[in-house]
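Ready for a short set of exercises to work through with a model open beside you? Take each task on its own before you read the solution under it.

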Amino acid sequence: MTTASPHAHGVHFGRTDVQNVGMGVGIVLLVVGILGFIPGITTQYGELRFFGPDSRAMFLNLFQVSMLLNIVQLAIGATGAAMSRNAMGARNFLMGFGLLYIVLSVYGLIVGVGSAANFLSLNMADDWTLLVLGVAMIGAGWLMSRHMADDAR
């Protein structure tokens, strides 16, 4: 039987790695949601619509955005920051919202950019970024929480 120090399984400054990653993702999504409302960072700002494919505003001149998409990013970011107060919450945030991002990505790829069903105003760059982010979030949530049961004992 071995005993491991708290640091051995990723506990730093009273927070686990999964909490730090969950908080980091939450903060990044909050910042992205806020920046989506700032002219200049969001080009063609006059074309920003509440929802739908008619929103022609572009975040960083690459990602099509709408007010609804920015609000969703803000809500998910705030949820991530709140859920990351404990390790299980951070794990659930990363895995649950990672899955949501994968579903939104697949939905966006299926309905297409110009479809009326594209209610979040996602373009191909959004779809692929959401897919990569979703896979990364699920992977981080799983990898960084593998030892949670061991650490609880």
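The exercises below go from the overall layout to helix packing, then to rings and backbone angles, and they rest on a predicted model.

**Exercise 1. Lay out the chain.**
Find how many helices and strands the chain has, and in which order the elements run.

Solution.
- Step 1: Count the elements; the secondary structure comes to 5 helices and 5 strands.
- Step 2: Walk from the N terminus, and the order reads β-β-α-β-β-β-α-α-α-α.
- Step 3: Turn to burial; of the 153 residues in the chain, 36% are buried.

**Exercise 2. Classify the packing of H3 and H4.**
Work out how H3 and H4 are oriented relative to each other.

Solution.
- Step 1: Locate the two elements; helix H3 covers residues 87-111, and helix H4 covers 124-143.
- Step 2: Take the geometry; the axes of H3 and H4 are 7 Å apart, and the packing angle is about 155 degrees.
- Step 3: Apply the cut-off; angles over 145 degrees count as roughly antiparallel, so H3 is roughly antiparallel to H4.
- Step 4: Add the handedness; the crossing of H3 past H4 is left-handed.
- Step 5: Sort the residues of this contact; 19 are nonpolar, 5 are polar and 2 are charged.

For a residue-level view, look at glycine 108, which is placed in helix H3. Its relative accessibility is 3%, so glycine 108 counts as buried. The C-alpha atom of glycine 108 is separated by 8.4 Å from that of aspartate 126, with their positions 18 residues apart along the chain.

**Exercise 3. Do the same for H1 and H3.**
What is the orientation of H1 and H3 to each other?

Solution.
- Step 1: Read off the geometry; the axes of H1 and H3 cross at roughly 50 degrees and come within 8 Å.
- Step 2: Test the angle; under 35 degrees would count as roughly parallel, and 65 to 115 as roughly perpendicular.
- Step 3: Conclude; H1 and H3 are therefore oblique to each other.
- Step 4: Note the handedness; H1 passes H3 in a left-handed crossing.

**Exercise 4. Find residues brought together in space.**
Which C-alpha distances separate aspartate 17 from alanine 87, and alanine 78 from glycine 26?

Solution.
- Step 1: Place aspartate 17; this residue belongs to helix H1, residues 17-35, and is partly exposed, with a relative accessible area of 27%.
- Step 2: Compare sequence and space; aspartate 17 and alanine 87 are 70 residues apart in sequence, and their C-alpha atoms are 8.4 Å apart.
- Step 3: Place alanine 78; helix H2, residues 67-83, holds this residue, and alanine 78 counts as partly exposed at 38% relative accessibility.
- Step 4: Repeat the comparison; alanine 78 and glycine 26 are 52 residues apart along the chain, with 6.2 Å between their C-alpha atoms.

**Exercise 5. Classify the aromatic pairs.**
How many aromatic pairs does the structure hold, and why is the pair of phenylalanine 50 and phenylalanine 51 given its class?

Solution.
- Step 1: Count; the structure holds 3 aromatic pairs.
- Step 2: Take phenylalanine 50 and phenylalanine 51; their ring centres are 5.9 Å apart and their planes stand at 90 degrees, so this pair is edge-to-face. Phenylalanine 50 is partly exposed, at 43% relative accessibility.
- Step 3: Take tyrosine 107 and phenylalanine 119; with centres 5.8 Å apart and planes at 55 degrees, the pair is tilted.
- Step 4: Place this second pair; tyrosine 107 is in helix H3, phenylalanine 119 is in the loop between H3 and H4, and the two are 12 residues apart.
- Step 5: Check exposure; tyrosine 107 is partly exposed at 32%, and phenylalanine 119 is partly exposed at 36%.

As an extra, find tryptophan 142: the charged end of arginine 146 sits over its ring, 5.7 Å from the centre.

**Exercise 6. Look at positive phi.**
Where do glutamine 44 and asparagine 61 lie?

Solution.
- Step 1: Recall the background; most residues other than glycine have a negative phi.
- Step 2: Take glutamine 44; its phi is near 55 degrees, a positive value. Glutamine 44 lies in the loop between strand E3 (42-43) and strand E4 (58-59), and counts as partly exposed at 45% relative accessibility.
- Step 3: Take asparagine 61; its phi is positive too, about 60 degrees. Asparagine 61 is in the loop between E4 and strand E5 (63-64), and counts as exposed at 54% relative accessibility.

Conventions
Residues are numbered from 1 along each chain as its sequence is written. This is a predicted model: local features need pLDDT of at least 70, side-chain atom pairs count only at pLDDT 80 or more; totals for chains, interfaces and linings use all residues. Side-chain values use heavy atoms; hydrogens and water are left out. Rings of Phe, Tyr and Trp (its six-membered ring) pair if their centres lie within 6.5 Å; planes under 30 degrees apart count as stacked, over 60 as edge-to-face and the rest as tilted. Buried means under 20% relative accessible area, exposed over 50%, partly exposed in between (1.4 Å probe, protein chains only). Helices (H or I, at least four residues) and strands (E, at least two) are DSSP runs, numbered from the N terminus. A charge sits over a ring if NZ of Lys or CZ of Arg is within 6 Å of the ring centre and within 35 degrees of the ring normal. Axes are lines fitted to C-alpha atoms, for helices over the stretch in contact, and angles run from 0 to 180 degrees between N-to-C directions. A crossing is left-handed if the near helix is turned anticlockwise from the far one by less than a right angle, and right-handed if clockwise. Ala, Val, Leu, Ile, Met, Phe, Trp, Tyr, Cys and Pro count as nonpolar, Asp, Glu, Lys and Arg as charged, and the others, Gly among them, as polar.
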